[in-house]
Amino acid sequence: MNAGLAMKREITRDDILPMKAYAEERRELRRDLVEKKKFRRQEIGPVCTFYFENYETMWAQVHEMLYIEKGGEEQIADELSAYNPLIPQGRELVATVMFEIDDPLRRKDFLSKLGGIEETAFFEVDGERIVGKPEEDVDRTTADGKASSVQFIHFHFSEAQIAKFRTPNTRVVLGFTHPEYGHMTILPEDVRSALAQDFA
């Protein structure tokens with residue numbers, strides 16, 4: 001995939017490779033994607049990682065789902081409707097946020113205290129805060145206050161905030177204000193630079 005594809009905002013049916021062609025290229029495509037995703041991930045605290053999505057990551061995800069589940073033509077529309085909303089549209093960053101705890105009992109106990117955490121994710125760009133907006137597909141916190149281990153969060157930026165974010169060596173903080181997980185970190189410059197390319 002070339003650099004121009006990173007700026008595309010929607011995967012269409014015409015973008016889907018035949019599965020035979022994808023299978024032949026899969027190893028090389030996945031290796032290339034690992035390299036591109038290196039600066040599109042950021043750990044926050046001990047058990048959380050933000051994976052920032054774009055056209056390329058979602059194109060790969062759609063193809064992997066089609067390759068693994070083998071649902072054919074009928075599956076394509078479902079995958080496009082599931083993953084197209086996670087492609088940033090020019091004035092936003094979009095992240096898949098994962099809380100990764102191997103032990104199932106510890107994970108259950110931990111997540112039971114994190115209700116609403118998806119409402120507390122934020123960026124801070126040069127001192128100005130942008131609060132995340134959870135993807136509206138389903139409620140990611142249950143009625144009894146248990147958070148999902150996977151969240152999808154959009155961060156909407158103003159033109160002025162985008163200009164600051166794009167400026168080399170700008171201080172960009174990413175984190176949560178949740179009382180049970182108030183972790184945050186300053187983005188490394190290579191991550192800031194990679195994510196800045198998601199803006200139109």
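1. Start with what surrounds helix α2. In this predicted model, the buried residues of α2 pack against α1 (19-37), β2 and α3. Those buried residues are Y55, E56, T57, M58, W59, A60, V62, H63, E64, M65 and L66. Because 11 of its 15 residues are buried, α2 is largely enclosed by the rest of the structure.

2. The length of α2 checks out. Its 15 residues, at 1.5 Å a residue, should span 21 Å. The end C-alpha atoms are 21 Å apart, which agrees.

3. Next, look at α2 with α3. Helix α2 covers residues 55-69 and helix α3 covers residues 73-83. Their axes come within 10 Å and cross at roughly 145°. The crossing is right-handed. On the α2 side, M58, Q61, V62, M65, L66 and E69 make the contact. On the α3 side, Q75, I76, E79, L80 and Y83 do so. By class, this contact has 7 nonpolar, 2 polar and 2 charged residues.

4. Now the largest nonpolar core. It holds 33 residues. F50, F99, F123, F157, F165 and F176 touch the most other members. Several elements give two or more residues to this core, among them the strands β2 (48-52), β4 (121-125), β7 (150-156) and β8 (172-176). The helices α4 (104-111), α5 (159-166) and α6 (189-196) also do so. Strand β3 (92-99) is on that list too, and β3 gives the most, with 4 residues.

5. There is a second, separate core of 19 residues. Its members include I11, W59, Y83 and L86. Of these, W59 is among the buried residues of α2, and Y83 is one of the α3 residues in the contact with α2.

Conventions:
Residues are numbered from 1 along each chain as its sequence is written. This is a predicted model: local features need pLDDT of at least 70, side-chain atom pairs count only at pLDDT 80 or more; totals for chains, interfaces and linings use all residues. Side-chain values use heavy atoms; hydrogens and water are left out. Axes are lines fitted to C-alpha atoms, for helices over the stretch in contact, and angles run from 0 to 180 degrees between N-to-C directions. A crossing is left-handed if the near helix is turned anticlockwise from the far one by less than a right angle, and right-handed if clockwise. Contact means heavy atoms within 4.5 Å. Ala, Val, Leu, Ile, Met, Phe, Trp, Tyr, Cys and Pro count as nonpolar, Asp, Glu, Lys and Arg as charged, and the others, Gly among them, as polar. A nonpolar core is a set of buried Ala, Val, Leu, Ile, Met, Phe, Trp, Tyr and Cys residues joined through side-chain atoms within 4.5 Å. Buried means under 20% relative accessible area, exposed over 50%, partly exposed in between (1.4 Å probe, protein chains only). The expected span of a helix is 1.5 Å times one less than its number of residues.
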